[in-house]
2 protein chains.
Amino acid sequence: MSKQSPVLSLTDLNAGTPCCAPMSEQRIPAQTAAVLAPAFKALGDPVRLQLMSMIASAPAGEICVCDLTPAFDLSGPTISHHLKTLRETGLVDAERRGTWVYYRARPGIMRQLASLLQIGMPASA
Amino acid sequence: MSKQSPVLSLTDLNAGTPCCAPMSEQRIPAQTAAVLAPAFKALGDPVRLQLMSMIASAPAGEICVCDLTPAFDLSGPTISHHLKTLRETGLVDAERRGTWVYYRARPGIMRQLASLLQIGMPASA
DNA sequence: TCTCTGATTCGAAGAACGTCGAGACAACCC
DNA sequence: GGGTTGTCTCGACGTTCTTCGAATCAGAGA
């Protein structure tokens, strides 16, 4: 179970299983690419990238939507849509407490993406 | 010049300047997000993610297009289009030698992305 | 020079994406 | 209960993306 599951899911990734070696050392299998590409795509929008960083760097570990929305020149529904994208990708988690909804980063998948991009030493040059 | 330029470009990033702290420690400025988001977006397609890994993990540090194309069930022009996307994003570099074109990874921007995603310790759990 | 192979560019069709306004749902306060 | 505030869902519109076939460009070899 530790080598390589036939099917990969974001749940596996979030479970903390170090599934993927750096892409500079090992070619990414098609299955893994299909699972991880949506996460990169989710970060591929400037608004979502900023949202993600605001959530991940929140001092309390979480941040209210009411603090996210006014930081952009975008409508509420648009921000909500982007947050939904991040949620569905597994990058963040949402929790409603009373009137407000709080978002929290899920470090598992972020670590996966980071380790994938890791590069040791440039071979030449 | 070492703290933060008013305008950021991929050239700066590739120059090796450690421009960005991990997003879990510091909120990404809008400018930086606008520059880095396209790189994440480029990796946000399964085909491009696999292409990138095949290029980055090539034993000789580079790989021929003729080795990339047959690895996918896609037409030559489509692969070429994806490679162009990776090229324009600054993730890879291309060089023609005789009949064949070789692609090489540019580690600078990949390191930037990796450090951006770096997470220290999970705050809780 | 002519031809052949490898890679890119061009133009087009269909799908997916980002954005918005309107409406709906949830929780608080009077 | 009724009103208010905060957030999300639903359609809709215009833009961007992915993919392909056809055509073009670059270099090698006869």
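By what turn and what shift along the axis can chain B be laid on chain A? A turn of 180 degrees and a shift of 0.0 Å along the axis do it, with an RMSD of 0.0 Å. The views below come from a predicted model, in which local features need pLDDT of at least 70, side-chain atom pairs count only at pLDDT 80 or more, and totals for chains, interfaces and linings use all residues. Residues are numbered from 1 along each chain as its sequence is written, chains are lettered from A and ligands numbered from 1 in the order in which they are written, and side-chain values use heavy atoms, with hydrogens and water left out.

**View 1. Chain B laid on chain A.** The turn is 180 degrees and the shift along the axis is 0.0 Å. That is the relation of a two-fold axis. The same surface serves both copies: 100% of the contact residues of chain B recur in chain A. The copies are superposed by least squares on the C-alpha atoms of residues with pLDDT of at least 70 in both.

**View 2. The interface of chain B and chain A.** Chain B gives 36 residues to the contact, and chain A gives 36 residues. Contact here means heavy atoms within 4.5 Å. The size of an interface is often given as the accessible area lost when the parts come together. Between chain B and chain A, about 3,200 Å² is buried, and carbon and sulfur atoms give 71% of that area. Buried area is the accessible area (1.4 Å probe) that two parts lose on being put together, summed over both. The rule finds 0 salt bridges across this interface; a salt bridge is a side-chain nitrogen of Lys or Arg within 4 Å of a carboxyl oxygen of Asp or Glu. The count of residue pairs in polar contact is 2, both at pLDDT 80 or more. A polar contact is a pair of N or O atoms within 3.5 Å; within protein, one must be able to donate a hydrogen and the other to accept it, and residues adjacent in sequence count only if both atoms are side-chain atoms.

**View 3. The side of chain B that touches chain A.** Three elements of chain B, α2 (30-42), α3 (46-56) and α6 (107-117), give two or more residues each to this side. Helices (H or I, at least four residues) and strands (E, at least two) are DSSP runs, numbered from the N terminus. By class, this side has 23 nonpolar, 8 polar and 5 charged residues. Ala, Val, Leu, Ile, Met, Phe, Trp, Tyr, Cys and Pro count as nonpolar, Asp, Glu, Lys and Arg as charged, and the others, Gly among them, as polar.

**View 4. The surface near DNA strand D.** Of the 22 residues around DNA strand D, those that come nearest are A:Tyr103, B:Arg48, B:Ser75, B:Thr78 and B:His82. Sugar and phosphate make up 82% of the strand D atoms that come within 4 Å of the protein. A residue is near a strand if one of its heavy atoms lies within 4 Å of it. The largest share of this surface, 4 residues, comes from α5(B). The side chain of B:His82 has an N or O atom 2.3 Å from a phosphate oxygen of strand D. For B:Thr78, a polar side-chain atom lies 2.6 Å from a phosphate oxygen. A:Cys66 uses a polar backbone atom, 3.1 Å from a phosphate oxygen.

**View 5. The surface near DNA strand C.** Here A:Arg48, A:Ser75, A:Thr78, A:His82 and B:Tyr103 come nearest, out of 22 residues around the strand. α5(A) gives the most to this surface, with 4 residues. A polar side-chain atom of A:His82 lies 2.4 Å from a phosphate oxygen of strand C.
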